[in-house]
Amino acid sequence: MNFDAVIFDFDGTVADTGEGVRNAIRYSLNEYNMPIYEDRLNEFLGPPLYLTYESMYGISPELANDLVDTYRVYYSETGVHELVAKEGMLELAAALKAEGVRLAIASSKPLVFLETGVHDIGADELYEEVVGPDLKNHEANKAYLVRTACERLGIEPSKRVAMVGDRSYDIIGANEVGVTSIGIEFGFGQREEFLENNADYIATTFEDLKNILL
């Protein structure tokens, strides 16, 4: 096998969570009578929400926190369930697991929502570890999450470990920890952000990803 362990991002990589996230963003902005930029809602998919609210609207961290809390009113009840598994991803995980590859998920999505999403798509038995921050942890960047996933799997970070994700944050985190970084173009991100951050591999299609991992 090409890798001893593979760590996957969740939103946009293992699952398409866009509908629930976009609906929750709309809900939060409506509650604060703030403008909704429909063509930019996908920018909330992947990075920590606080950062995107702050950068997009030029607001204070305090207001960003309030918006995130309001976002979670909708998301915790409804949005968390508005997702589907990405085509082929669960089958790929099953094939890797059958070959003895260790599997984990590492996401900036709060763990309580992450575990619900993994359960909803029927993936509980595929991943040994599911790593995400608690609701109040704003500092859990991707490098921390990838490193934590390695620790919980009991493996040392190396190029024999792959991190698969669809945003620049996944690539930056993987490179910082020293694992192989793989960016996928069939998620929420763009090829340019993978190139700019020196991804080890870029998978244009799902078949490309399979060829890299298997």
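## Exercises: bridges, helices, sheet and cores

At a relative accessible area of 23%, R26 is partly exposed. That label sits between buried (under 20% relative accessible area) and exposed (over 50%), worked out with a 1.4 Å probe on protein chains only. Before you dig in: this is a predicted model, so local features need pLDDT of at least 70 and side-chain atom pairs count only at pLDDT 80 or more, while totals for chains, interfaces and linings use all residues. Residues are numbered from 1 along each chain as its sequence is written, and side-chain values use heavy atoms, with hydrogens and water left out.

**Exercise 1.** Find the salt-bridge partner of R26 and say where the two residues sit.

*Solution.* Start with the rule: a salt bridge is a side-chain nitrogen of Lys or Arg within 4 Å of a carboxyl oxygen of Asp or Glu.

Step 1: the side chain of R26 meets that of E38, with 3.0 Å from N to O.

Step 2: place them. R26 is in helix 1 (18-31), and E38 is in the loop between helix 1 and helix 2 (49-57), 12 residues apart. Helices here are DSSP runs (H or I, at least four residues), as are strands (E, at least two), both numbered from the N terminus.

Step 3: check exposure. E38 is partly exposed, at 47%.

**Exercise 2.** How many salt bridges does the rule give? Work through two further pairs and one network as well.

*Solution.* Step 1: the count is 10 salt bridges.

Step 2: take E128 and R102, whose closest N and O atoms are 2.6 Å apart. These two link distant parts of the chain: E128 lies in the loop between helix 5 (111-120) and strand 5 (129-131), and R102 in strand 4 (residues 102-106), 26 residues away. E128 is partly exposed at 42%, and R102 is partly exposed at 27%.

Step 3: now K159 and D200, with 2.8 Å between their closest N and O atoms. They are 41 residues apart: K159 is in the loop between helix 6 (142-153) and strand 6 (161-165), D200 in the one between helix 8 (191-196) and strand 8 (201-203). K159 has 45% relative accessibility, and D200 has 37%.

Step 4: the network. D9, K142 and D170 are joined into one by salt bridges that share partners.

**Exercise 3.** Compare the span of helix 3 with its expected value, then find what covers its buried residues.

*Solution.* Step 1: the expected span is 1.5 Å times one less than the number of residues.

Step 2: helix 3 (residues 61-77) has 17 residues, and its first and last C-alpha atoms are 25 Å apart, close to the expected 24 Å.

Step 3: its buried residues are A64, L67, V68, T70, Y71, R72, Y74 and Y75. Their cover includes helix 1, helix 2 and helix 5.

**Exercise 4.** In what order do the strands of the open sheet lie?

*Solution.* Step 1: two strands pair if DSSP finds at least two bridges between them.

Step 2: six strands line up as 5-4-1-6-7-8, with parallel pairing. Strand 5 and strand 8 each have a single partner strand, so one side of each has no neighbour in the sheet.

Step 3: zoom in on one pair. Strand 1 (residues 5-8) and strand 6 run parallel, joined by four bridges, and A5 stands opposite V161 in strand 6.

Step 4: add a helix. Helix 6 packs on the sheet, touching strand 1, strand 4, strand 5 and strand 6. Contact means heavy atoms within 4.5 Å.

**Exercise 5.** Which residues have the most contacts inside the largest nonpolar core, and which helix gives the most to this core?

*Solution.* Step 1: a nonpolar core is a set of buried Ala, Val, Leu, Ile, Met, Phe, Trp, Tyr and Cys residues joined through side-chain atoms within 4.5 Å.

Step 2: the largest one has 31 residues, and V6, F8, F10, Y127, L209 and L213 have the most contacts inside it.

Step 3: the suppliers of at least two residues each include strand 1, helix 5 and helix 9 (206-213). Helix 4 gives the most, with five residues.

Step 4: there is also a second, separate core of 23 residues, with I25, Y53, M56 and Y74 among them.

Methods
Axes are lines fitted to C-alpha atoms, for helices over the stretch in contact, and angles run from 0 to 180 degrees between N-to-C directions.
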